[in-house]
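I opened the notebook on this model to look up its nonpolar packing, the confidence assigned to it, and one of its helices.

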Amino acid sequence: MKKFKAKLEKITQLTSDVFHYDFSYVDEAVGFKPGQFYMLEVNDGQKPPLKRSYSVASEPNEKGFGLSIKLVAEGRGSDYLRKVKEGDVLDFMGSFGHFMLQDSPKDVVLICTGTGIAPFLGMIPQALKSDPNKKVYLFFGTSYESGLLYQKELMNWEKNPNFKAISTVSRPGEEWTGPTGRVQDHIMKSEIDFANSKFYICGVGDMVVDVRQLLLEQGVSKEDVHFEQYTPATQLLGIGSK
């Protein structure tokens, strides 16, 4: 575990309550592997001290990192982040977590909802670079089309014929013409090879549980199903991974 400082370079609003924060390392780069998370120290002067965990939403590099964060009402961590501005220096600890791509020749299937897409923003390019023959799929679900995050990035990765992204909306508006329904529905209708894939699931607890059970029912071994569960408390937190 290492403490470090990072300068907030840019804040990008993605939806009404989801923001992407770009940071640069102040002293030296603190390494992480795609899928891992950093812990933010909430220096708001209140007691007891507070820390919040966020999956890194970018590829590893020597300059900095990105975080994709949903700000919630009356959350102490969220209130702190609403007040920070570009140029501020924040305190972090890390990196942490075991939710990372496994060394395997099998195809990669990524399944997420909401800000659960964050760790996959580093995993997708890593998987595509690791093996030119490996297929990579992303199933991304949200309630409303306004909640579809990082669509430009996904479209850019889809220039690689080995990558396919399915972004689905469960409560579509009249003008939505894309996929609808839950991610579970599209997994079952897809062309993925259940026997020759490793699955990575990230999102709110109920979805993670449901998808994991669905995969096991399809004969996927427990060793090929990896997950990171988020729970909506005062802030979305990673509470478990496997």
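Leaving aside neighbours within four places in sequence, which residues is Phe120 in contact with? I took contact as heavy atoms within 4.5 Å, and found Phe99, Leu110, Ile111, Cys112, Pro125, Leu138, Tyr200, Ile201 and Cys202.

I noted that this is a predicted model, in which local features need pLDDT of at least 70 and side-chain atom pairs count only at pLDDT 80 or more, while totals for chains, interfaces and linings use all residues. Residues are numbered from 1 along each chain as its sequence is written, and side-chain values use heavy atoms, with hydrogens and water left out.

I then looked up the largest nonpolar core (buried Ala, Val, Leu, Ile, Met, Phe, Trp, Tyr and Cys residues joined through side-chain atoms within 4.5 Å; buried means under 20% relative accessible area with a 1.4 Å probe, protein chains only). This core has 29 residues, and Phe120 is among those with the most contacts inside it, as are Leu110 and Leu138. Among the elements giving two or more residues to it are strand S7 (107–113), helix H2 (120–130) and strand S8 (136–142), as assigned from DSSP runs (helices H or I, at least four residues; strands E, at least two). H2 gives the most, with six residues.

For confidence I read pLDDT, the predictor's own score for each residue from 0 to 100; its mean over the protein is 91, and 95% of residues reach 70 or more. Over residues 233–242 pLDDT stays under 50, and strand S12 (residues 236–241) has the lowest mean among the elements, 39.

Terms used. Buried means under 20% relative accessible area, exposed over 50%, partly exposed in between (1.4 Å probe, protein chains only).
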